[in-house]
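Work through the exercises below with the structure in view. Try each task before reading its solution.

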Amino acid sequence: MLSLNLPSAPLKIADRNGKKYIFDVLRKKYVALTPEEWVRQHFVHFLTGHLGYPTGLLANEVSISLNGTSKRCDTVLYSQSLSPRMIVEYKAPDVRITSKVFEQISRYNIVLRVDYLIVTNGITHYCCKVDYSTGQCHYLSSVPPYQAL
């Protein structure tokens, strides 16, 4: 797998019938190792291992209903009271982060109304804080540590 612009992570990889799987620490099971999953597992490790995000407040593949269709948010951070606080959208390292990716995560946020949106392909990371009073997103220079949220 490709090298990412994230700290190295102690990831568990298994080979089953010639296919690679990676252990998802949030879902507590092995999942197919795709380029996007490689980014997800590294980024979750970055959040939990380096920025202090509690694993108990993070969830992967969160289902939502948007305009009558079922969608899945890649990762959602919840508050202590279990209200959504952050959505993270992952792309494979070879996928450019474009306005379409931001449109996708913004649609998810119509449902969840979180404070923070993150988009990453493992190489480039964008984090913004949503200001509902002005309807604008303010881009941050880095992903804030959990205690700073």
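**Exercise 1. Find the residue with positive phi that follows α1, then check the length of the helix.**

Step 1. Gly-52 comes after α1, and its phi is positive, near 75°. Helices (H or I, at least four residues) and strands (E, at least two) are DSSP runs, numbered from the N terminus.

Step 2. This is a predicted model: local features need pLDDT of at least 70, side-chain atom pairs count only at pLDDT 80 or more, and totals for chains, interfaces and linings use all residues. Residues are numbered from 1 along each chain as its sequence is written, and side-chain values use heavy atoms, with hydrogens and water left out.

Step 3. Now the length. The expected span of a helix is 1.5 Å times one less than its number of residues. For the 16 residues of α1 that gives 22 Å, and the end C-alpha atoms are 22 Å apart, so the two agree.

**Exercise 2. Name the buried residues of α1 and the sheet that the helix packs on.**

Step 1. Buried means under 20% relative accessible area, exposed over 50%, partly exposed in between (1.4 Å probe, protein chains only). The buried residues of α1 include Trp-38, Val-39, Phe-43, Val-44, Phe-46 and Leu-47. Polar names also appear, among them Glu-37, Arg-40 and Gln-41.

Step 2. Look at the sheet β1-β2-β3. Its 3 strands are antiparallel and the sheet is open. Strands pair if DSSP finds at least two bridges between them. β1 (13-16) and β3 (29-32) are the edge strands, each pairing on one side only. The twist averages 40° from one strand to the next.

Step 3. α1 (residues 35-50) packs on this sheet and touches β1, β2 and β3. Contact means heavy atoms within 4.5 Å. The direction of α1 makes about 25° with that of β2. Axes are lines fitted to C-alpha atoms, for helices over the stretch in contact, and angles run from 0 to 180 degrees between N-to-C directions.

Step 4. Zoom in on one pair. β1 and β2 (residues 19-24) are joined by 4 bridges. Ala-14 stands opposite Tyr-21 there.

**Exercise 3. Give the strand order of the sheet that contains β6, and find its edges.**

Step 1. The order is β4-β5-β6-β7-β8-β9, an open sheet of 6 strands with mixed pairing.

Step 2. β4 (58-66) and β9 (136-140) have a single partner strand each, so one side of each lacks a neighbour in the sheet. The twist averages 35° from one strand to the next.

Step 3. β6 (residues 84-90) and β7 (residues 116-120) run parallel over 5 bridges. Met-86 faces Tyr-116 of β7.

Step 4. α2 (residues 99-112) lies across the six strands β4 to β9, at about 155° to β6.

**Exercise 4. Which residues have the most contacts inside the largest nonpolar core?**

Step 1. A nonpolar core is a set of buried Ala, Val, Leu, Ile, Met, Phe, Trp, Tyr and Cys residues joined through side-chain atoms within 4.5 Å.

Step 2. The largest has 25 residues, and Phe-43, Leu-47, Tyr-53, Leu-77, Met-86, Ile-118 and Val-143 have the most contacts inside it. α1 supplies the largest share, 6 residues.

**Exercise 5. Is Leu-82 buried or exposed?**

Step 1. Leu-82 sits in the loop between β5 and β6. Its phi is positive, about 70°, although it is not a glycine.

Step 2. Its relative accessibility is 59%, so Leu-82 counts as exposed.
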